[in-house]
Amino acid sequence: MYSADEIVKTAQEIRPYLPKLLDAPSAQQVDSQLAQLLVRSQDAPATQQIVELLTQREPTREWMRLSLDEHYSVETIFKTLRTYHPLSGSDNSIESPRYICTVASCHQEWYRRDHAAAIPRCPIHDVQMVRDSKAH
């Protein structure tokens, strides 16, 4: 299926993007678990655990598919996952709304991929994130 090196590379590439793909608590949890698994990544069981961890959530599962099956670059994967595609038959795609922390020096951001998703609080400053009016 996939080599251990491919799985480890995908896990390393996704880590910086976890806060943008998942809500803050999930991103921190997945990142922590990935860090531990990557230390043990030379073992075959660790690579299997990496796959199991990254396939539990839709955004990380899709990242793995685009990376391992489609061989997309990191930038292309991230852009693809941030783009909302309306019902089939419509040619228009819409970029997901971006939410940011209101603290001036903070660079935390989150993209709303599902209208039902709750808008998170900044994991650093614990303030409600707001929609970035400059992006849309």
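Visitor: Let me start with one residue: does S67 count as buried or exposed?

Guide: Start with the cut-offs: buried means under 20% relative accessible area, exposed means over 50%, and partly exposed is in between, using a 1.4 Å probe and protein chains only. S67 has 12% relative accessibility, so S67 counts as buried. Before we go on, this is a predicted model, in which local features need pLDDT of at least 70, side-chain atom pairs count only at pLDDT 80 or more, and totals for chains, interfaces and linings use all residues. Residues are numbered from 1 along each chain as its sequence is written, and side-chain values use heavy atoms, with hydrogens and water left out.

Visitor: Where does S67 sit, and which residues is S67 in contact with?

Guide: Helices (DSSP runs of H or I, at least four residues) and strands (DSSP runs of E, at least two) are numbered from the N terminus. S67 belongs to helix α5. Contact means heavy atoms within 4.5 Å. If you skip neighbours within four places in sequence, S67 is in contact with T10, E13, Y72 and I77.

Visitor: What about L68, which residues does that one touch?

Guide: L68 is in helix α5 too, and it is buried, with a relative accessible area of 6%. Not counting residues up to four places away in sequence, L68 touches Y2, E6, I7 and T10. Here's a nice example of folding back: L68 and S3 are 65 residues apart along the chain, yet their C-alpha atoms are separated by 9.8 Å.

Visitor: T10 and I7 keep coming up. Which residues of α1 are buried?

Guide: They are I7, V8, T10, A11 and I14. Now picture looking down the axis of α1: the buried residues fall within an arc of 160 degrees, so they line one face of the helix. That arc is taken from the directions from the helix axis to the C-beta atoms.

Visitor: And V51, which residues does that touch?

Guide: V51 is part of helix α4. It touches I7 and M64, leaving out residues up to four places away in sequence. The C-alpha atoms of V51 and T10 are separated by 9.7 Å, with their positions 41 residues apart along the chain.

Visitor: Can you show me a residue that isn't buried?

Guide: Try D31 in helix α3. With a relative accessible area of 25%, D31 is partly exposed. D31 touches R15 and L18, again not counting residues up to four places away in sequence.

Visitor: Stepping back, how many helices and strands does the chain have?

Guide: Six helices and five strands. Along the sequence the pattern goes α-α-α-α-α-α-β-β-β-β-β. Of the chain's 136 residues, 37% count as buried.

Visitor: How do I read a nonpolar core?

Guide: The general idea is that in soluble globular proteins, nonpolar side chains tend to be buried together. A core here is a set of buried Ala, Val, Leu, Ile, Met, Phe, Trp, Tyr and Cys residues joined through side-chain atoms within 4.5 Å. The largest one has 26 residues, and L21, L34, I50, L54 and W63 touch the most other members. Two or more residues each come from α1 (4-14), α2 (18-21), α3 (24-39), α4 (44-54), α5 (58-69) and α6 (74-82). The largest share, five residues, comes from α3. As for L21, its contacts beyond four places in sequence are I14, P59, W63, F78 and L81. Apart from this core lies another, of six residues, among them Y99, C106, W110 and C122.

Visitor: I see cysteines there. How many disulfides does the count come to?

Guide: A disulfide is a covalent bond between the sulfur atoms of two cysteines. The rule used here is a pair of cysteine sulfur atoms within 2.5 Å, and the count comes to zero. For C106, the nearest cysteine sulfur is that of C101, 3.7 Å away. For C122, the nearest is also that of C101, at 3.6 Å. C106 is buried at 13% relative accessible area, and C122 is buried at 2%.

Visitor: Last one: in what order do the strands of the open sheet come?

Guide: Strands pair if DSSP finds at least two bridges between them. This open sheet of three strands has the order β4-β3-β5, with antiparallel pairing. The edge strands, β4 (109-111) and β5 (130-131), each pair on one side only. Two bridges join β3 (residues 98-100) to β5, and Y99 has R131 of β5 as its bridge partner.
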